[in-house]
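Trainee: I'm new to this one. Could you take me through a single part of it slowly, and show me how that part sits in its surroundings?

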Amino acid sequence: MPPKKRARVSKTSAKSGKIDDIERTSAAGRKRKAAAPVEKTGEGSQSAGSAIFTCWLMKSEPESRFENGIDVKFGIEDLKALPDQTGCWDGVRNYQARNFMRQMKEGQQAFFYHSNCKEPGIAGIMRIVKEAYVDHTQFDKKDVHYDASSKPDNPKWSMVDVQFQRMMKRFLPLSELKKYHLQHGANGGPLKDMALFTRARLSVQPLTAEEFDFILSLEDKEPL
DNA sequence: GCCAACGTTGGC
DNA sequence: GCCAACGTTGGC
């Protein structure tokens, strides 16, 4: 409830109104490139009967950028500065990302990823403190992520509340994660299928426990 | 600032 | 339901 902050994740204000929320599942049908096993879940309604995810990665921009005259900057320091170090992850306007947020459970952890900035990468860890509920910004004409096609009696977009947990012991740059991803693709390893690389534009993505743990282990290693 | 990748829209 | 055009994401 406390006014939280925004984390832009995707802007797009989708217009159109025919889709009903739930199913829009992601790749919207046509693209289907043989979906990786991993995401089968994310789409569709959440119950799609697939893997259950327990760890997440959420992207937000830590540097100022103006959209319709409004600064969409929201980095980990901004989250940390909020009352209770807690904020709502509003502004997600992509169905796959939304569906993943709807699967999140209180207490789960998510990496706070800094995107579209000088040094993209994982900055810290946060905890889901409130499960998905209606993203009020979709009805706010003044908001960057206002969505005229979404009606209060059938809201399209959801958000969760997140609380800052801690900074990474050292910032984990995208460039380093990518080296592991490539290496693991060649020789096998936990980051072989990481969504950050296989679904580059997804702003809210699931991680397997193996991916999450491997990334945590990097904190204690020398930068690659 | 560029631009590749890819999600979304809307005509047919 | 297909698919071309368009718009956005986000690394570089």
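Mentor: Let's take the edge strand S8 and work outwards from there. First, some ground rules: this is a predicted model, where local features need pLDDT of at least 70, side-chain atom pairs count only at pLDDT 80 or more, and totals for chains, interfaces and linings use all residues. Residues are numbered from 1 along each chain as its sequence is written, chains are lettered from A and ligands numbered from 1 in the order in which they are written, and side-chain values use heavy atoms, with hydrogens and water left out.

The pLDDT, the predictor's confidence in each residue from 0 to 100, has a mean of 83 over chain A, and 78% of the residues reach 70 or more. Over residues 1-49, though, the pLDDT is below 50. Where pLDDT is low, the predicted coordinates should not be read in detail.

Now the setting. Chain A has five helices and eight strands; these are DSSP runs numbered from the N terminus, with helices being H or I of at least four residues and strands E of at least two. Six of the strands make an open sheet with mixed pairing, in the order S4-S7-S6-S5-S1-S8. Two strands count as paired if DSSP finds at least two bridges between them. S4 (86-88) and S8 each have a single partner strand, so one side of each is left without a neighbour in the sheet.

For S8, which covers residues 204-207, a partner is S1 (residues 55-60): the two run antiparallel and are joined by four bridges. One of the residue pairs to look for is Met-58 with its bridge partner Val-204 in S8.

An edge position doesn't leave the faces of S8 bare. Val-204 and Pro-206 on one side are buried, and so are Gln-205 and Leu-207 on the other; buried means under 20% relative accessible area, exposed over 50% and partly exposed in between, using a 1.4 Å probe and protein chains only. In a regular strand the side chains alternate between the two faces of the sheet.

Stay with Val-204 for a moment. Leaving out residues up to four places away in sequence, Val-204 touches Leu-57, Met-58, Trp-89, Val-92, Ala-97, Phe-100, Met-101 and Met-104, where a contact means heavy atoms within 4.5 Å. Val-204 also stands, with Met-58 and Trp-89, among the residues with the most contacts inside the largest nonpolar core, which has 23 residues. Such a core is a set of buried Ala, Val, Leu, Ile, Met, Phe, Trp, Tyr and Cys residues joined through side-chain atoms within 4.5 Å. A second, separate core has 19 residues, and Leu-207 belongs to it, along with residues including Phe-111, Tyr-180 and Ile-215.

Ala-97, Phe-100 and Met-101, among the contacts of Val-204, are buried residues of helix H2. In H2 (residues 95-103), nine of the nine residues are buried, so the helix is largely enclosed by the rest of the structure. The cover over its buried residues includes S1, S6 (121-134), S7 (158-173) and S8. At the start of H2, a side-chain oxygen of Asn-94 comes to within 3.0 Å of the backbone nitrogen of Gln-96.

So, to retrace the path: S8 is bridged to S1, buried on both faces, and part of what covers H2.

Terms used: Polar contact = N/O pair within 3.5 Å; in protein donor to acceptor, adjacent residues only side chain to side chain.
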